[in-house]
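Got your viewer open and a selection tool at hand? Here is a short walk through one protein chain, stop by stop.

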Amino acid sequence: MLSSRRHGHYNMNQESTAPRAAERPPFDRSSSQDSLDDLSMEDYWTELENIKKSSESRQQDQEVVVVKEPDEGELEEEWLKEAGLSNLFGESVDDPQESMVFLSTLTRTQAAAVQKRIETVSQTLRKKNKQHHIPDVRDIFAQQKESKEKTPDGTELQSVRTNENKYEGKDDQSSSLIVANKDLVVLVPEDTPASEADINLEVSFAEQAVDEEENSKDKTWKNKGCDASLPSFRLPKDKTGTTKIGDLASQDMKKVRRLALIELTALYDVLGIELKQQKAVKIKTKDSGLFGVPLTTLLEQDQRKVPGTRIPLIFQKLISRIEEGGLETEGLLRIPGAAMRIKNLCQELEAKFYEGTFNWENVKQHDAASLLKLFIRELPQPLLSVEYLKAFQAVQNLSSKKQQLQALNLLIILLPDVNRDTLKALLEFLQRVIDNKGENKMTVLNVAMVMAPNLFMCQLGLKTSEQQELAKAAGTANIMLLLIKYQKLLWTIPKFIVNQVRKQNTENQRKERKAMKKLLKKMAYDREKHEKPDKSTNDADVPQGVIRVQAPHLSKVSMAIQLTEELKASDVLARFLSQESTGVAQTLKKGEVSLYEIGGNIGERCLDDNTYMKDLYQLNPNAEWVIKSKPL
């Protein structure tokens, strides 16, 4: 079934022309809101009213997006394709052996999620009398039940339980937003000291959820009192280094995305949350311009002007214009620009932005803020993507803050690159606004309330009860709050997923070496002659306990480094920079170069400064170590 929708302010346009327009608009505040205190949803409803006024002044053609409701089995089949398992249905040129390796690295809950989708597709295909050979992968999963899964460093993945329950309950002690008796109350006093809790990235989130289910049956989303606060989650120290999105090479990132999809599905399965992806079918597209243009199209036209840019230029310029006016301005982001002036500025920007003739002096600070929000709303497909917008919204149904963050972490990984990069730029900007809350009166709560309707408006349905409306408003504002407050954590790739990628790479390399040996033997080559290149030529000259680091673009192009218990990646960089001239060293200290782990059981990985080199060497002894520039 197809339903025609316009992302952005299309809901408001449709509502304004609907027969029920004479009635109270569904986004108006109810009388129950009048009794709320300063920590209410007031900013949220005000923003919706401002959006409605803005939409009424911009009745123009936009890209129409048709959202396709998947047929029975179609959703699961699409899911398997996205998880890289389409070759199970004979529809892919991918190596089926690689899929078997991939499946063999899955955790119990991940395997169960895959198996559930395969069974659904199998039943559907049988009903449709389609002949597809579907291997029974349960045998592969059964092997995992018989023997505990090993991580690349030899530890038992399923048995690793690094105190994930140590702080159990702390992250459940608060809910930033609750819904009860038609009242929406926010329970995040700004000055309340936040509790601290580690978030475990070494064990599958779904596996943690299984372990915690029995202990949390009596936990519900409820008011714990007005002294509740959001926990201050921290990343536990990892001696092999924290991996951020952007640190891995594209081939490994592709594996990370597939694993993130399976892990998110497994987590939602364990917690009884339905994960339904939607598919967008474009009917009409704009292939140029600024507003209402797909992010990918914008980026393509921007990269012709500024090669390497990862965020739309208009988006960057609007943020810089707001910051030029000073982030201390009271009511920044909350106070709207005049609707007609915004409309005229949009038209002028469309005509003059790329020509470089637009006069930015005519754009007031509040106008620039309104234009930024308008840009987000008028994206033909939402910034959080059509496919995963419902999954983002479903995060509010998870019972603990920890599980909500785990789900958001996986969803961020799943976003298309341009969506994720643009979202990151937005959240970093919003944090800079919040950093000036003493002057601008915009706390994280205020900013979340104002921005939530702009990112989630298309999820606020027209045919909902007032109570459902309030729940959706509270839920989306809560998600916005989490995205802003925990953004540094959310851009981290969980260690258990990186370990699964390492295991896949190791197993694939083992099979490739085995196949190569057979080939060499068949061709009667000298095996010893052809196996020697597998070892780095540098390794022969490097004694045990020493690594050779290459730096082809620095004065000192190579250096042997003795591994010690305390040697960090930052220490290695410092030794090379000490060989440079003062000017060059100062420039490089700003983060233009990093130490990379290349090869072995990983494609390429940028190391964070606090990586302990001896621990990482033990995890990946066949890697090469190279200092090079970070990508733009």
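The stops below go from the whole chain to its core, then to a pocket, and finally to a single serine.

**Whole chain.** Start in cartoon view, and keep in mind that this is a predicted model. You should find 24 helices and 14 strands along the chain. Of the 632 residues, 51% count as buried. Now look at the contacts between residues at least 6 apart in sequence: 80% of them join residues at least 24 apart.

**The largest nonpolar core.** Next, select Y268, L333, F392, L430 and L455. These are the residues with the most contacts inside the largest nonpolar core, which has 132 residues. Colour 72–126 (domain 1) and 295–486 (domain 2), and you will see that each of these domains gives at least three residues to this core. As background, nonpolar side chains tend to be buried together in soluble globular proteins.

Stay on Y268 for a moment. Which residues does Y268 touch, leaving out those up to four places away in sequence? Show I273, E274 and L275, then A391, A394, V395 and L398, and finally A407 and L411.

A second core, separate from this one, has 21 residues; select L563, A569, V593 and I627, which are among them.

**The largest pocket.** Switch to a surface view and centre on I245, G246, D247, R310 and D421, the closest to the centre of the largest pocket among its 27 lining residues. The space inside comes to about 970 Å³. Where does the pocket lie? Colour domain 2 (295–486) and domain 3 (543–631): both give residues to the lining, so the pocket lies between them.

To see what builds the wall, select α8 (250–270), α15 (417–434), α19 (487–490) and β13 (602–606), each of which supplies at least two lining residues. Helix α15 gives the largest share, with 6 residues. Colouring the lining by chemistry should give you 11 nonpolar, 3 polar and 13 charged residues.

**S558.** For the last stop, select strand β11, residues 558–562, and pick out S558. Is S558 buried or partly exposed? Its relative accessible area is 21%, so S558 counts as partly exposed; the cut-off for buried is under 20%.

Now show what surrounds S558. Beyond its neighbours within four places in sequence, S558 is in contact with R548, V549, Q550, A551 and F576. To finish, draw a C-alpha to C-alpha distance from S558 to W625: they are 67 residues apart in sequence and 10.0 Å apart in space.

Conventions
Residues numbered from 1 in each chain as written. Predicted model: local features only at pLDDT ≥ 70, side-chain atom pairs only at ≥ 80, totals over all residues. Heavy atoms only, no water. Core = buried A, V, L, I, M, F, W, Y, C linked by side-chain atoms within 4.5 Å. Buried < 20%, exposed > 50% of the residue type's maximum accessible area, 1.4 Å probe, protein only. Domains from an automatic or database assignment. Contact = heavy atoms within 4.5 Å. 1 Å grid on protein atoms, 1.4 Å probe; cavity = no way out; pocket = protein on both sides within 12 Å on 5 of 7 lines; lining within 4 Å. Points joined across faces, edges and corners; volume = space filled by probe spheres on them. Helix = DSSP H or I, 4+ residues; strand = E, 2+ residues; numbered from the N terminus. Nonpolar A, V, L, I, M, F, W, Y, C, P; charged D, E, K, R; others polar.
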